[in-house]
Amino acid sequence: MSDDDELEVTYEYVRIADLITADIAAGRLPLGARLPGEQELAEIHGVSVSTARRVRRELARRGLVRALPAKGTYVIRTHPVEAANDETPPPGP
C-alpha cells in the first residue's frame, strides 16, 4: 500500500471541532454566540459527554472560544489563532 492509499484517521472530537470551526468561520456562530452545553453538544453529535468536553477544549486551544464558569462557552474569535502542533496539551477545564 502506498502513502496515498493510507486511511487518514481523525479523532471524533477533532472532526466535531472542525465542523464547529467551519460554522464559526462562516458566521453561523458569530462572535459572542453561546455554544450548546456539553450534554446538548453530546446529544447533537451522538457522542459521549467526555468527547463533547474534548471538543470544547480543542476549540479553546484553537483560540476560538472561551468558557466562563457557570455561564457557558462563547465564541471569541472567528478564525483560529496560529496553529499549534498536535503535541500541545489542551488548556485546563
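Helices here are DSSP runs of H or I with at least four residues, numbered from the N terminus. By that rule, R56 belongs to helix α3, and the tour will return to this residue after an overview. The model on display is a predicted one.

**Whole chain**

Begin with the cartoon of the entire protein, where three helices and two strands can be traced. Followed from the N terminus, the elements appear in the order α-α-α-β-β. Switch to a surface display: the accessible surface of the protein is about 6400 Å², and carbon and sulfur atoms contribute 51% of it. Of the 93 residues, 29% count as buried. Among contacts in the protein with a separation of 6 or more, 56% are between residues 24 or more positions apart.

**Helices α2 and α3**

Next, select α2 (residues 38-45) and α3 (residues 49-61). Their axes come within 8 Å and cross at roughly 105°. Angles of 65 to 115 degrees count as roughly perpendicular, so α2 and α3 are described as roughly perpendicular to each other.

Show side chains where the two helices meet. From α2, display E38, Q39, L41 and A42; from α3, display V49, A52, R53, V55 and R56. Coloured by class, this contact of α2 with α3 comprises five nonpolar, one polar and three charged residues.

Now centre on E38, which lies in helix α2. Which residues does E38 contact, leaving aside its neighbours within four places in sequence? They are V49, A52, R53 and R56. Draw a C-alpha to C-alpha distance from E38 to R53: the two residues are 15 apart in sequence and 6.0 Å apart in space.

The side chains of R53 and E38 also form a salt bridge, with the closest N and O atoms 3.2 Å apart. This pair joins distant parts of the chain, with R53 in α3 and E38 in α2. R53 is partly exposed, at a relative accessible area of 30%.

Move along α3 to R56. Is R56 buried or exposed? R56 has a relative accessible area of 14%, and because buried means under 20%, R56 counts as buried. Then add R66 to the selection: R56 and R66 are 10 residues apart in sequence, with a C-alpha to C-alpha distance of 8.8 Å.

**Salt bridges elsewhere**

Side chains of opposite charge can pair when their charged atoms come close. How many salt bridges does the count come to? The count comes to seven.

Go to helix α1 (residues 12-25) and select R15 and E12. Their salt bridge has its closest N and O atoms 2.6 Å apart. R15 and E12 are three residues apart in α1, so about one helical turn separates the partners. Both ends can be inspected from the surface view: R15 is partly exposed at 35% relative accessible area, and E12 is partly exposed at 34%.

Select D23 and R28 next. These two residues form a salt bridge in which the closest N and O atoms are 2.8 Å apart. D23 is partly exposed, with a relative accessible area of 26%, whereas R28 counts as exposed at 56% relative accessibility.

Finally for this stop, display D18, E58, R61 and R62 together. These four residues are linked in a network of salt bridges.

**From the α1–α2 loop to the strands**

Turn to R34, in the loop between α1 and α2. R34 is partly exposed, its relative accessible area being 48%. Apart from neighbours within four places in sequence, R34 contacts K71, G72, T73 and Y74. Extend the selection to V75: R34 and V75 are 41 residues apart in sequence, while their C-alpha atoms are 6.6 Å apart in space.

**The loop between β1 and β2**

The last stop is A70, in the loop between β1 (65-68) and β2 (72-75). Most residues other than glycine have a negative phi. What is the phi of A70? Although A70 is not a glycine, its phi is positive, at about 65°. The surface view adds a further point: A70 counts as exposed, at 88% relative accessibility.

Conventions
Residues are numbered from 1 along each chain as its sequence is written. This is a predicted model: local features need pLDDT of at least 70, side-chain atom pairs count only at pLDDT 80 or more; totals for chains, interfaces and linings use all residues. Side-chain values use heavy atoms; hydrogens and water are left out. Buried means under 20% relative accessible area, exposed over 50%, partly exposed in between (1.4 Å probe, protein chains only). Contact means heavy atoms within 4.5 Å. Accessible areas come from the Shrake-Rupley method with a 1.4 Å probe; for residues, only the protein chains shown count as cover. Axes are lines fitted to C-alpha atoms, for helices over the stretch in contact, and angles run from 0 to 180 degrees between N-to-C directions. Angles under 35 degrees count as roughly parallel, over 145 as roughly antiparallel, 65 to 115 as roughly perpendicular and the rest as oblique. Ala, Val, Leu, Ile, Met, Phe, Trp, Tyr, Cys and Pro count as nonpolar, Asp, Glu, Lys and Arg as charged, and the others, Gly among them, as polar.
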